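Please open the structure in a viewer and keep a selection tool at hand. The stops below proceed from the whole chain to individual helix pairs and then to single residues.

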Amino acid sequence: MKEWYDGYHFGNADVYCPWDVVNFVDRAKDDREARPEAYWINTSGNDLVKRFIDKANKTTKSEIERLINGEAIEKELRLELTYEEIDQSIENLWSVLFTTGYLTQTGRPKDGAYRLIIPNREVREVFRLQINEWFKKSIFSNTERLTAFWKAFEEGDTEGVEQYLNRILSNSISVFDTKARKEEKESSYHNLLVGILTGNADWLVKSNVETGEGFADIIVETDDPDAGIVVELKYTKNFDELKAASQKALDQIRDRRYQEYLLNDDRKSIRLYGIAFCKKRCCAISEKL
């Protein structure tokens, strides 16, 4: 409960969010196996986070990433805003997020600014949800670039694939904690790519498919009944390891025979992809089976 609902500071007092505590206790008294979950996500106030992310420029996106990673951001706040002033500037939205509980303070440096953080896991989930919604909207609004990416992906144009993904990553807001395990970070990139590929209505995209001697990360059945794509993803901490990690991913497909899923469907024109990610960069290697 502390991880999910604590973290607010009023003067010298540390406070849990009473709404969440009441909801969780009400559930827990009837279910001994109940676990904390996000109750605030379903409230209408989350529109503030959406408006904030929509207005974010490159600098603000970087600050949001730092907040999600558990860091503090120093901001001067205006605590007496009228409703008409909220959307006049991104700085005003920082103030509103603080006064409405989406951010809390951990002290005030000598210059009078507030040291702001996301209070707990529940509110962090609100930010994650709104960021994912914003991300989908921003990707699918540019149909020309997206269509070009799908074509490059189908044809094995790794330069085009890398260019598109690097641009998307550069302009996005990372939603995973820097302290997260390697598997969790790899899963974030996995979900990103699956989301982009499933936007193609003519493709059937499957995730974590049991095939050969393991589970393939992504398998795509294209609109060509004779063709298909197998993708394996890797995450690495260092940029200079990207190419080696991509090759390792490609070798894994062959070694564990992930292509068998498509071969069993009589799809014999198969393209393999090994794609590695490091922060906001990627490297793709492709070959035709």
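**The whole chain**

Begin with the protein chain displayed as a surface: its accessible surface comes to about 15500 Å², and carbon and sulfur atoms contribute 46% of that area. The model is a predicted one.

Switch next to a C-alpha trace. Taken along the principal axes, the C-alpha atoms of the protein chain fill a box of roughly 65 × 45 × 35 Å. A cartoon representation of the protein chain shows 11 helices and 10 strands. Colouring by relative accessibility brings out the buried residues, which make up 48% of the 289 residues in the chain. A contact map gives a further view: among contacts in the protein chain with a separation of 6 or more, 61% are accounted for by residues 24 or more positions apart.

**First helix pair: α3 and α5**

Two packed helices are described by the angle between their axes and the distance between the axes. Select residues 47-55, which form helix α3, together with residues 90-99, which form helix α5. The axes of α3 and α5 come within 10 Å and cross at roughly 155 degrees. Angles over 145 degrees count as roughly antiparallel, and α3 and α5 are therefore roughly antiparallel to each other. Their crossing is left-handed.

Now show side chains at this contact. On the α3 side, select Leu-48, Val-49, Arg-51, Phe-52 and Lys-55. On the α5 side, the contact is made by Ile-90, Leu-93, Trp-94, Val-96 and Leu-97. By class, the residues of the contact of α3 with α5 divide into 8 nonpolar, no polar and 2 charged.

**Second helix pair: α7 and α8**

Move on to helix α7 at residues 143-155 and helix α8 at residues 158-171. At what angle do α7 and α8 pack? The angle is about 140 degrees, and the axes of α7 and α8 lie 8 Å apart. The two helices are therefore oblique to each other. As for handedness, α7 passes α8 in a left-handed crossing.

Select the residues that make this contact: Arg-145, Leu-146, Phe-149, Ala-152 and Phe-153 belong to α7, while Gly-160, Val-161, Tyr-164, Leu-165 and Arg-167 belong to α8. The contact of α7 with α8 comprises 7 nonpolar, 1 polar and 2 charged residues.

**A residue in helix α6**

Select Glu-125, which is placed in helix α6 (residues 121-140). Is Glu-125 buried or partly exposed? Its relative accessible area is 26%, so Glu-125 is partly exposed. A distance monitor may then be drawn from Glu-125 to Ser-95, 30 residues apart along the chain; their C-alpha atoms are separated by 20 Å.

**Two loop residues with positive phi**

Continue to the loop between α10 (242-255) and α11 (260-263), where Arg-257 is found. Arg-257 is not a glycine, yet its phi is positive, at about 55 degrees. With 30% relative accessibility, Arg-257 counts as partly exposed.

The last selection is Asp-266, in the loop between α11 and β9 (269-278). Asp-266 is likewise a residue other than glycine with a positive phi, here near 65 degrees. Its relative accessibility of 48% places Asp-266 among the partly exposed residues, because exposed means over 50%.

Terms used:
Residues are numbered from 1 along each chain as its sequence is written. This is a predicted model: local features need pLDDT of at least 70, side-chain atom pairs count only at pLDDT 80 or more; totals for chains, interfaces and linings use all residues. Side-chain values use heavy atoms; hydrogens and water are left out. Axes are lines fitted to C-alpha atoms, for helices over the stretch in contact, and angles run from 0 to 180 degrees between N-to-C directions. Helices (H or I, at least four residues) and strands (E, at least two) are DSSP runs, numbered from the N terminus. Angles under 35 degrees count as roughly parallel, over 145 as roughly antiparallel, 65 to 115 as roughly perpendicular and the rest as oblique. A crossing is left-handed if the near helix is turned anticlockwise from the far one by less than a right angle, and right-handed if clockwise. Contact means heavy atoms within 4.5 Å. Ala, Val, Leu, Ile, Met, Phe, Trp, Tyr, Cys and Pro count as nonpolar, Asp, Glu, Lys and Arg as charged, and the others, Gly among them, as polar. Buried means under 20% relative accessible area, exposed over 50%, partly exposed in between (1.4 Å probe, protein chains only). Accessible areas come from the Shrake-Rupley method with a 1.4 Å probe; for residues, only the protein chains shown count as cover.
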